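Let's take a walk through this structure together, one piece at a time. Keep the 3D view open as you read.

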Amino acid sequence: MSARTRRLTTAQALVRFLSAQYTERDGVRHRLIAGTWGIFGHGNVAGVGQALLEAGEDAMPFHQGRNEQSMVHAAVGYARQLNRLSAQAVTTSIGPGATNLVTGAALATINRLPVLLLPGDYFASHAPDPLLQQLEHPVEADVSVNDTLRPVSRYFDRVTRPEALISSALQAMRVLADPAETGAVTLALPQDVQAEAYDWPEEFFAERVWYVRRPAPDPVELTAAVEAIRSAERPLIVAGGGIHHSEAETALKAFAEATGIPVASTQAGKGSLRHDHPADLGGIGHTGTAVGDALARTADLVIGVGTRHTDFTTASGTLFQNPDVRFLNLNITAFDAHKLAARTLVCDARTGLEKLSEGLAGHRVTEAYEAEYRAGKKRWDEVVQTAYRAADENAVPTQTQVLGALDAAVGDEDVVINAAGSLPGDLHKLWRSRSPRQYHLEYGYSCMGYEIPAGIGVQQAAPGTPVWALVGDGTYLMMPTEIVTAVQERLPVNIVLLQNHGYASIGGLSEETGGERFGTAYRFRAADGTFTGAPLPVDLAANAASLGMDVLRAKTVRELREALAAARASDRPTCVYVETDPAPTAPPAEAWWDVPVAETATREAAVEARERYDRRAAGRRRHL
């Protein structure tokens, strides 16, 4: 071995390389790959597994997971908590371990959050052929199950020779660290190549810093944007997740205070302003607030900052109804900036807002407009108080009263995590965010099962921070396995487990769209064969306890408050279990969401639902 090379296996070289990668933004440096999650099988145990063992915890911390999908969710939670500046890797065996990554990879890429996937693959030599768990394709011999990760990865490569890792690893880091490109990155690793030795250049292992840039807006586009804002009478900011990723909350606050322009937030952007800031309107879109959606309908300029303008935000194209409405999108990704035929500022959110503030010096919306939205905000605050309030402390709590009790229990620094079911709608409308990181809603993919593993990732990224994973019974049953990981690692993640005996959100949607709640309840079959019998005798609290959690059962509002306080004070993983009163207490949706209804049907519920659908769909616009 020469002085400039080092003989290592491909897996050993990869781990050593990853341990020397850093990001830096605003002079602050982070480990780019701060740890590796893994479940080992024959496709990675003697390759990446051996390499992690040899490297040791100081070079590459290892986290033992129980489900491959949930390992990705944990890594995503970690990356989001750290504003995408630090990420984690996930290694699996070939076959089912690798394909279990697909859902997590899709979630990461859709939400623009970095995670490095290292699945095992077939033998590059084709010596054992076919080997255990290898997919055989009759006309494409180079295809493996890992190819299912291609469409959900921002970068994909199959490393079929040791030296090919050099360029692939560098490209992988480039994508992970680039805020305009990031998402899931997959390096598929044939298991024979993982164990093959090679003389690696020492330069490959040198410390490398990936600078996370803050591109400024183009001067011509900036001038046009400033002119558009100055000429608008009813401008509205839609704050998306890019505000948080860019750490632009202070810049947004300064911009709103200087101009008086109100701010409504997407699920990912909620918390961009504190809930009690005079310009904060809360959520927007199908799950938005009355004041946020009312202003959206009359806005003549919608300023999207770091948002993808999904169908929930635009109410499936029915929300922005002013005939003269125009859009201005500030986004680091050109793909998103050009949506809705908008004027564009392709730039970093913080830099763009600062430049806009400079260009708008002295400009402010009218006093009448400010008075209008502040009055609407006050009315909505009263709606929130009503939803949170429990008239009887000894009664079974409703879901919104659970949120009210949690609101009273948490501190500004706590993180509340959710992803699916009816909770995202209630939280978007009602939750009073007190800090930028408190509201952690994964709604790009709205993936059931995300909450518990994401809570672990957040806890790893922010030790000492109280973390709350809010889950319904449907979500809990899909992926409770990482409770074992939280117990093993002594991570005091709190789970608030709401039992309502089925898929409450989809049940309500089914009823609204003529599906009559078919297949959405967790119940025994009745005499007619339908699932309308008694609730199933499933004890989810006992299940959580069997996995090692401390469990606190709360039957009343008073007991719930006491349990939440005890959980927050505990240094162990704790589950607060509560059966909720199913009576609807959340305010209804303020805007439509397009869920197609059967065009022809014989059942009355579906016929009536189609009539409602046609009326609402008639308001859809294509903004050109």
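**Two helices and a sheet**

Start with a pair of helices in this predicted model. On the helix 16 side, Gln401, Val402, Gly404, Ala405, Leu406, Ala408 and Ala409 make contact with Val557, Leu560, Arg561, Leu564 and Arg568 of helix 23. Sort the residues of this contact by class and you get 8 nonpolar, 2 polar and 2 charged ones.

How do the two helices lie against each other? Helix 16 covers residues 399-409 and helix 23 covers residues 557-569; their axes are 9 Å apart and the packing angle is about 40 degrees. That's why helix 16 and helix 23 count as oblique to each other. Their crossing is right-handed.

Now turn to the sheet. It's an open one, built from 6 strands with parallel pairing, and the order is 14-13-12-15-16-17. The edges belong to strand 14 (280-283) and strand 17 (343-346): each has a single partner strand, so one side of each has no neighbour in the sheet. On average, neighbouring strands here are turned by 20 degrees against each other, ignoring direction.

Zoom in on one edge. Strand 13 (residues 263-265) runs parallel to strand 14, and 2 bridges join them. Look for Val263, which sits opposite Asp280 in strand 14.

Helices pack on this sheet too. Helix 11 (residues 290-298) touches strand 12 (235-239) and strand 14, and its direction makes about 100 degrees with that of strand 14. Helix 8 (residues 219-231) lies across strand 15 (301-305), strand 16 (326-331) and strand 17, and it runs at about 130 degrees to strand 17.

Notes:
Residues are numbered from 1 along each chain as its sequence is written. This is a predicted model: local features need pLDDT of at least 70, side-chain atom pairs count only at pLDDT 80 or more; totals for chains, interfaces and linings use all residues. Side-chain values use heavy atoms; hydrogens and water are left out. Axes are lines fitted to C-alpha atoms, for helices over the stretch in contact, and angles run from 0 to 180 degrees between N-to-C directions. Helices (H or I, at least four residues) and strands (E, at least two) are DSSP runs, numbered from the N terminus. Angles under 35 degrees count as roughly parallel, over 145 as roughly antiparallel, 65 to 115 as roughly perpendicular and the rest as oblique. A crossing is left-handed if the near helix is turned anticlockwise from the far one by less than a right angle, and right-handed if clockwise. Contact means heavy atoms within 4.5 Å. Ala, Val, Leu, Ile, Met, Phe, Trp, Tyr, Cys and Pro count as nonpolar, Asp, Glu, Lys and Arg as charged, and the others, Gly among them, as polar. Two strands pair if DSSP finds at least two bridges between them.
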